[in-house]
Amino acid sequence: LSIISSAGCSSVFTNTVEVYPQPSPDFSANNTCIGTSANFSDLSAVTGGQSLNSWTWAFGDGSPVNNAQNPSHIYTQSGTYNVSLVGSTNWGCSDTVTRSITIYPNPQVEFKVSDTSTCVNVCSQFLDLSTITGGSINSWAWNFGDGGTSVQRNPLHCYTQPGTYSISLTVTSTNGCVENVALPNFVDVYPTPAAAFTYSP
């Protein structure tokens, strides 16, 4: 700083100013399903030997902010969310980055059986009634309760022993979202009578 008085006298003062680098916040995140953790990985960088010492995450769904470096978050509704990260250095410099993440809907699992009361060796038709609001269902896994399974959408199954059986169906969407429903004691299988008779001349 140079100053000159009205009398022409002058003086110079010199000092230094240090300018710190601005951080470049960045992150990666995985698209996922409702109820499954979305994992966020900090990829931020700072030049000049500086480092981030503060992270502030806003997940875009109205939940409280998170200050972990690599947090995870579970969304309860499907949709596209804008996630923001504010990264700050130990010198107080900060910047913000925003990226979107997609949360896929889970299937709604439902099924019915042609006959919930049947006989040994009489085959029952199992019908998948599952739905999903986005994407489609491309995988089915049935458990018939007697050790039998099927990956068909609408399988036939024949019970070979009498008893009461619990049925479960697990479906998977094209986006990898999985849902399951199990119905306990859903099918009653009755023994087949043994026909016999005698005769006389």
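**Note on the cysteines**

1. Cys119 has a relative accessible area of 34% and is partly exposed. In this predicted model, the cysteine sulfur closest to that of Cys119 belongs to Cys123, at 12 Å, which is too far for a bond. The cut-off for a disulfide is a sulfur pair within 2.5 Å.

2. Two disulfides are present in the structure. With the bonded cysteines of the chain numbered in sequence order, they pair 1-4 and 2-3.

3. One disulfide is formed by Cys33 and Cys177, with an S to S distance of 2.0 Å. Its S-S torsion is about -90 degrees, so this link is left-handed. Cys33 belongs to strand 4 (residues 32-33), while Cys177 sits in the loop between strand 16 (163-173) and strand 17 (178-190); the bond therefore ties together parts that are 144 residues apart in sequence.

4. Both ends of that link are buried: Cys33 has a relative accessible area of 7%, and Cys177 has one of 0%.

5. Cys123 and Cys158 form a disulfide with an S to S distance of 1.6 Å. The angle about this S-S bond is 75 degrees, and the link is right-handed. Distant parts of the chain are linked here, 35 residues apart: Cys123 is in strand 12 (residues 123-128) and Cys158 in strand 15 (residues 156-158).

6. Cys123 is partly exposed, at 39% relative accessibility. Cys158 is also partly exposed, at 30%.

7. Cys9 counts as exposed, with a relative accessibility of 52%.

Technical notes
Residues are numbered from 1 along each chain as its sequence is written. This is a predicted model: local features need pLDDT of at least 70, side-chain atom pairs count only at pLDDT 80 or more; totals for chains, interfaces and linings use all residues. Side-chain values use heavy atoms; hydrogens and water are left out. Helices (H or I, at least four residues) and strands (E, at least two) are DSSP runs, numbered from the N terminus. Buried means under 20% relative accessible area, exposed over 50%, partly exposed in between (1.4 Å probe, protein chains only).
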